[in-house]
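Grab a seat and work through these exercises with the structure open beside you. Try each task yourself before reading its solution.

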Amino acid sequence: MAEHEPQPPEPSLRQQALERLANAPQTLRDLSRTEILQLAHELQVHQIELELQNEELKSTLAELERARSLFFSLFNRSPIGYVLLDEQGIIREVNQTFCEMVTYRMDEVVGKPLQNFLHEDDRSAFLARYRATFRQPQNKVFELRLNGAEQQVLWVRVQGERLLLPAERAGKDDRDHLLLAFSDITAQKIAEENRRLDERRLQSLIEIAQYPYSSVEELLRFTLEKALLVTQSEIGYLLDYNEETQQLRTRFVSEGAQKLSELDPAAYPQTYSLEESGLRAEAIRQRKAVIINDYRQPHPNKRGYPEGHVEIRRFLSVPVFEDGCIVAVISVANKPHDYTETDAQQLTLMMDTAWKMVVRQKLIEALQRSEERYRNLVENAQDFIYRFSFVPQAHYEYVSPSVTTVTGYTPEELYQNAALGLELVHPEDVPYLQEMLAEGVKEDKKLLLRWRRKDGRVIWVEQQYTPLFDSQGNLTAFEAIARDITDRKEIELALQNLLQEYETLFNGVQDAVFLIEVGEEGEFRYLRTNLSHQKKTGFPLETVQGKTPLALLGEELGAIIRGNYQRCVDSGHPITYEETLDLPGGIRTWSTTLVPIWREGRIQYIVGAATDITEAKAARESVRQSEERYRTLFENMNEGFALHEMIWDEAGRPVDYRFLEVNPAFERLSGLRADQVIGRTARQLLPDLEQSWIERYAEIARTGKALVFEEYAAPLKKWYDVRAFSPKAGFFAAVFSDVTQRKQWEKEREQLIQDLQSKNNELSQFTYTVSHDLKGPLITILGFLGFVEQNLEQGNLEQAKADLQRIRFAAEKMQALLEGLLELSRIGRLINPPSQFSFGEVVTEAVQLLLGNIYDQGRTVEFEIAPDLPNVYGDRARLLQVMQNLLDNALKYLGEQPQPLIEIGWREAADEYQFYVRDNGIGIEPAHQERVFGLFEKLDPRAQGYGVGLALVKRIIEVHHGRIWVESEGEGKGATFWFTLPKAPKA
Amino acid sequence: MERQKPIHVLLVEDNPDHAELLRRLFRSYLVSNVFCQVEDGEQALAYLNREGKYADDDRYPYPDLLLLDLRLPKVDGFQVLEQVKSSPKHRHLVVVILTSSRNEQDVQRAYQLYANSYLVKPYRMEEFTDILRYVGLYWLKWNVYAKTSS
């Protein structure tokens, strides 16, 4: 139409007509005056008619423009971003939604390549796939990132459709285009990512705590590995740090960074001082976690890294404390996005857990070594040491294990039978012993006797007796060292060994051992200390020797220590107590035992043995704290947790399982209280539980293989995400969370996408139909205008009149089509408030509205309306329209039926009513039954109407969530139009 | 090569105005001697298969050219095209699609079903005239056909 003359056609036509008349006088000459006048009048009438037609045409075009702007605003307000691309990937058209996604104005976007707006990392992948997508966009969906506002990344799901658009100007070729639809899925992406991360964190902690390590090194490597995973880092390393020397040492680096250290050992030293260390030691200097997300920015403490080092982009470093001292630093780097405080906390928690285990392991190892050494010494001793007590009655109080070597009896035999003491003595030596006992043992005495061993062999035994007395001077016990001196050499050797062993024992024991001389006036002086004592207290032997507690430790502490020694002397018995002392060797907690040593009737010495329990105490505390931490986690986590014990029958088949522990979240999620659950079995709680579940869990408890699944619990109407694993054989634990909401969202999202897709399809089908069917009348109008011009040229006015009539009809048809179109487009949006009303009344109303028409046509039609039509819920005016159109349609296609009958009835289905309008008219062949509801579809081109009525009916029914279809056995068999309405209102 | 026998066009067009338009254009430019029109796909197939009244060869001669609209009541243009091109009896018939649709999918599908040509109804009279004249000249006068036994 753009090719038309610029001036309006009406004056031009007039001009031409006048010219024609002027140039053809010879034809007119033959006409009578009356005829000329008549002709002139006729021409005037046509002139006016033409003007009117033109007016109509203009208003039609205005309607078209209105419809266009309506679709344009639909396009712009859609929640989906639309981008129209040409073959080169240049944006040709775009809607407002997409512009808001990338935060550019529309004019800044159009004409630019689409990849300009994509995230850097997605560009090449997009470009690589663009050609193929352009050629064949069907079934290709991909997820991309857009650069959104404030450097935010927007995740979008993209789907394409190929469009062939008319050229912008006539004469140019049609252009192929690709329409891409962008749906924002950022929120969903973030939620998924966070959930995965939380699960991974919890899992890592549990794994570290349960990791069956065989060495400290292995445990720490495992922890670093987990730390990389949890913080999504590429590389990491662990440094040891000595706070005293301020030296750092690389313990190890992760695999990704390992190669680097081999590049140049000089540039990458293994040990270095705090002072010369850059950012790697920043966590030590600040004594807290350090996060650097912009490594390229200058930092006062950055030293850079050696040539060939992996590029660091982001960096997180956390110090590890032991007893308030930093002992290590763990660092990770190059997470794909910024490190957060959560990462730092998580890393701290993981490293703390691991380090506590390291400390505990070290302690256990040290304890094992010391025990072993002590046992070896005592058991290999050649002498038999014992203590024989007379109170309350005679018995062995202590017998060293070497009694067996000397006598062949076990210590137990002696403990149980005190009489063995005398029986051991060779009968010939008994009188000698009795004589000595009669004299009364007053002091230490050496005694040489013959003993009969258990196996009958007689040995010479030299015994050193030490009698022990109570305060009244009565003999209460004696201690003795018995030595087999049968073989002198052996004895000498044994003595030597014994001395050496005592020395080793004394200095080798982990306990700090010290000997105190108790003076006549009651003063205490240190005589000897062992190596452990010297090391742990920080006092060399020469500092201590000969000093009193007050002289060594000062007034305050000295007085306390002195008090303890005095207590021992006052009680006369060994005493044990705990003390925490601040000595040059550091603040340590000791478990100290003081043993009074009697000499010459008084306590002359005190032997002290102090066990350093600092670490053990701290370890106990740390285990308690870590347990508390897990307990807190357990109590407060959002996921439900349940620990179960598997129950097997005699044949080893799993039959049931028992609940051992559940957390508060379990109670919340399942609705069962802990006291209802714990101790009971699954069969008791859930009698309908399928055996397959028990077998599945048994498999986990047996193999330790974890399982993750989602499950729907019908009684609770909830979806659970469950991960089951086995903390130890025969047991399994389940961690689960309520994902009903997420499932719901997923379902809604699917539904939404489906709706949008079907809307999209409907829209494109609609656009296609509209453009095709609106073109029809336009072709007619413009074509016949050409004929009218020809007719006028040839003076064929009759034909011109007839052709103008065609033009008028075509314009009217166009108007009707546009009205139908507008009506149809309104239904989706403008709907009256729904209400409950009688459908019977609506039917009656519709029939009455039609009766007039039927009467005008001079026909008789019989109506049969079901008397019991139900109440329905919906838009009354629209549903009236449905009945009117269906009845109208039935009337239109009654054909030559001599006894026309239209029936209206219904039936009830599960959750909907099904209504029908049945006629006995011309019917529809099965092949065409689907097409009758299409817009502008008409089976009979000469029938009245424009193919809008049934499309309208279908739309109204669909807006009411109903369905519509037609049944007909074929031509001449009548037709039944069925439609459904839900019983309950739908959202 | 001049054709000696009368030239016949069958137009399948449901819009009576468009049919009239085409009829007049054909007549004015003496493109064909015989011009028949049917309104839908069903009739078109009946015509070609000589069913019912179309058995009368004199009134309804077998066409040399089928001008076919796509959007038709009952049986649409694609179905007619498919039947014609898959039938050994009719596949030699020249089928020219004449429609108002420029839709790429329609064009693709028409050629996939072996349409001989695809034309879009123009708005301008002059263009319409040109199209029909050249269609007539090309298919009915200039184009050389192999001799067929059918």
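**Exercise 1. Where the chains meet**

Find how helix 26 of chain A passes helix 1 of chain B, and work out which residues make the contact.

*Solution.* Keep in mind that this is a predicted model.

Step 1: look at the handedness. The crossing of helix 26 of chain A with helix 1 of chain B is left-handed.

Step 2: name the residues. Helix 26 of chain A brings A:Ile779, A:Thr780, A:Gly783, A:Phe784 and A:Phe787, while helix 1 of chain B answers with B:Asp17, B:His18, B:Leu21 and B:Arg24.

Step 3: sort them by type. That contact holds 4 nonpolar, 3 polar and 2 charged residues.

Step 4: add the geometry. Helix 26 spans residues 740-794 of chain A and helix 1 spans residues 16-28 of chain B; their axes come within 10 Å and cross at roughly 35°.

Step 5: zoom out to the whole contact between the chains. Chain A puts in 24 residues and chain B puts in 20 residues. On the chain A side, helix 26 and helix 27 (797-827) each give at least two residues. Helix 26 of chain A has the largest share, with 12 residues. By type, the chain A side splits into 12 nonpolar, 6 polar and 6 charged residues.

**Exercise 2. Two helices of chain A**

Decide how helix 26 and helix 27 of chain A are oriented relative to each other: roughly parallel or roughly antiparallel?

*Solution.* Step 1: get the angle. The axes of helix 26 and helix 27 of chain A cross at roughly 165° and come within 9 Å.

Step 2: apply the cut-off. Angles over 145 degrees count as roughly antiparallel, so helix 26 and helix 27 of chain A are roughly antiparallel to each other.

Step 3: check the handedness and the make-up. Helix 26 passes helix 27 of chain A in a left-handed crossing. Their contact is built from 18 nonpolar, 3 polar and 4 charged residues.

**Exercise 3. An open sheet**

Work out which strands of the open sheet 23-22-26-25-24 in chain A stand at its edges.

*Solution.* Step 1: read the order. The sheet has 5 strands, in the order 23-22-26-25-24, and the pairing is antiparallel.

Step 2: look at the ends. Strand 23 (654-662) and strand 24 (707-713) of chain A each have a single partner strand, so one side of each has no neighbour in the sheet.

Step 3: follow the twist. From one strand to the next, the twist averages 30°.

Step 4: pick one pair. Strand 24 of chain A pairs with strand 25 (residues 718-725) of chain A over 7 bridges, in the antiparallel sense. For A:Phe709, the bridge partner in strand 25 of chain A is A:Val722.

Step 5: see what packs on the sheet. Helix 25 (residues 691-703) of chain A does, touching strands that include strand 22 (640-648) and strand 26 (731-738) of chain A. The direction of helix 25 makes about 70° with that of strand 23 of chain A.

**Exercise 4. Backbone oddities**

Compare A:Thr103 with A:Asn334: which is buried and which is partly exposed?

*Solution.* Step 1: check the backbone. A:Thr103 has a positive phi of about 55° without being a glycine. A:Asn334, not a glycine either, has a positive phi of about 65°.

Step 2: place them. A:Thr103 sits in the loop between helix 4 (96-102) and helix 5 (106-109) of chain A. A:Asn334 sits in the loop between strand 11 (325-333) and helix 11 (341-380) of chain A.

Step 3: count neighbours. A:Asn334 has 22 other C-beta atoms within 10 Å, so A:Asn334 is buried. A:Thr103 has 15 C-beta neighbours inside 10 Å and therefore counts as partly exposed.

Step 4: spot one more oddity. The peptide bond joining A:Val391 and A:Pro392 is cis, with omega about -10°. A:Pro392 lies in the loop between strand 12 (384-389) and strand 13 (395-399) of chain A.

**Exercise 5. Around a tryptophan**

List what A:Trp906 contacts beyond its neighbours within four places in sequence.

*Solution.* Step 1: locate the residue. A:Trp906 belongs to strand 30 (residues 901-908) of chain A.

Step 2: read off the contacts. They are A:Ala866, A:Leu869, A:Pro870, A:Tyr913, A:Gln914 and A:Phe915.

Step 3: judge burial. A:Trp906 has 19 C-beta neighbours inside 10 Å, so A:Trp906 counts as partly exposed.

Conventions
Residues numbered from 1 in each chain as written. Chains lettered and ligands numbered in written order. Predicted model: local features only at pLDDT ≥ 70, side-chain atom pairs only at ≥ 80, totals over all residues. Axes fitted to C-alpha atoms, helices over the stretch in contact; angles between N-to-C directions. Helix = DSSP H or I, 4+ residues; strand = E, 2+ residues; numbered from the N terminus. Left-handed = near helix turned anticlockwise from the far one by under 90°. Contact = placed C-beta atoms within 7 Å. Nonpolar A, V, L, I, M, F, W, Y, C, P; charged D, E, K, R; others polar. Parallel < 35°, antiparallel > 145°, perpendicular 65-115°, else oblique. Buried ≥ 20, exposed ≤ 12 C-beta atoms within 10 Å, placed from the backbone. Pairing = 2+ DSSP bridges.
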